[in-house]
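Please walk me through this structure stop by stop, telling me what to select in the viewer and what I will find there.

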Amino acid sequence: MLTAASKSKVAPQHCLVLEDSKFGIMAAKRAGMNSVWIYDFVKPDEEMELYLQQRCDSLLDVIELLKKEN
């Protein structure tokens, strides 16, 4: 993730990671990036709850989330 941010010349704190996996969400937070967890089939466990910033039920919901943020 940090490599992608670096190659894009975007600071990690200005990146938004869309993820459906526990380890992807954890990696985003550790990298200092913002993240949105997209519900798939697995519910977050206690450890993952510590890393979640935003949640959406589908990718379409991300559009509405972004509209609210701006």
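Start by selecting Leu16, which counts as partly exposed because its relative accessibility is 41%, a value between the limits of 20% for buried and 50% for exposed. You are looking at a predicted model, so keep that in mind as you go. Leu16 sits in strand E1. Now add Leu18, Leu59 and Leu66 to the selection: together with Leu16 they make a nonpolar surface patch of about 350 Å². Two elements each give two or more residues to this patch, namely strand E1 (16-19) and helix H4 (59-69).

**Across to the neighbouring strand**

Keep Leu16 highlighted and find the residue facing it. Which residue in E2 does Leu16 stand opposite? It is Asn34. Show both strands as a cartoon and you will see that E1 and E2 run parallel, joined by four bridges. Next, colour E2 by accessibility. Four of the five residues of E2 are buried, so this strand is largely enclosed by the rest of the structure.

**A buried acid**

Stay with E1 and move along to Glu19, another residue of that strand. Is Glu19 buried or exposed? Glu19 is buried, and yet it has no salt bridge. If you look for a partner of opposite charge, the nearest such side chain is that of Arg30, and it is 13 Å away. To see what does surround Glu19, select Met1, Gly24, Ile25, Val36, Trp37 and Ile38; Glu19 touches each of these, with residues up to four places away in sequence left out of the list.

**The salt bridges**

Time to look at charged pairs that do meet. How many salt bridges does the structure hold? There are four, and the next few selections take in some of them.

Select Asp45 and Lys22, whose side chains meet in a salt bridge at 2.8 Å, N to O. The two come from distant parts of the chain, 23 residues apart: Asp45 from the loop between E2 and H3, Lys22 from helix H2 (residues 22-30). Asp45 counts as partly exposed, because its relative accessibility is 35%.

Leave Lys22 on screen and add Glu47, which also forms a salt bridge with Lys22, the closest N and O atoms being 2.7 Å apart. Glu47 belongs to helix H3 and Lys22 to helix H2, so this pair ties together parts that are 25 residues apart in sequence. Glu47, at 37% relative accessibility, is partly exposed too. With these residues shown as sticks, you have a network of salt bridges that links Lys22, Asp45 and Glu47.

For another pair, pick Glu49 and Arg55, which form a salt bridge with their closest N and O atoms 2.3 Å apart. Glu49 is partly exposed at 36% relative accessibility, and Arg55 is partly exposed at 47%.

**Last stop: a proline in the loop**

Keep Glu49 and Arg55 visible and select Pro44, in the loop between strand E2 (34-38) and helix H3 (46-49). Which residues is Pro44 in contact with, leaving aside its neighbours within four places in sequence? They are Trp37, Glu49, Leu52 and Arg55, so called because their heavy atoms come within 4.5 Å. Both members of the Glu49 and Arg55 salt bridge are therefore on the contact list of Pro44, with contact meaning heavy atoms within 4.5 Å. Trp37 may look familiar, being one of the residues that Glu19 touches. To finish, draw a distance from the C-alpha atom of Pro44 to that of Ala27: they are separated by 15 Å and lie 17 residues apart along the chain.

Notes: Residues are numbered from 1 along each chain as its sequence is written. This is a predicted model: local features need pLDDT of at least 70, side-chain atom pairs count only at pLDDT 80 or more; totals for chains, interfaces and linings use all residues. Side-chain values use heavy atoms; hydrogens and water are left out. Patches are made of residues with over 30% relative accessible area and no salt bridge: like charges are joined within 9 Å, nonpolar side chains (Val, Leu, Ile, Met, Phe, Trp, Tyr) within 5 Å. Accessible areas come from the Shrake-Rupley method with a 1.4 Å probe; for residues, only the protein chains shown count as cover. Buried means under 20% relative accessible area, exposed over 50%, partly exposed in between (1.4 Å probe, protein chains only). Lys and Arg count as positive and Asp and Glu as negative; His and the chain ends are not counted. Two strands pair if DSSP finds at least two bridges between them.
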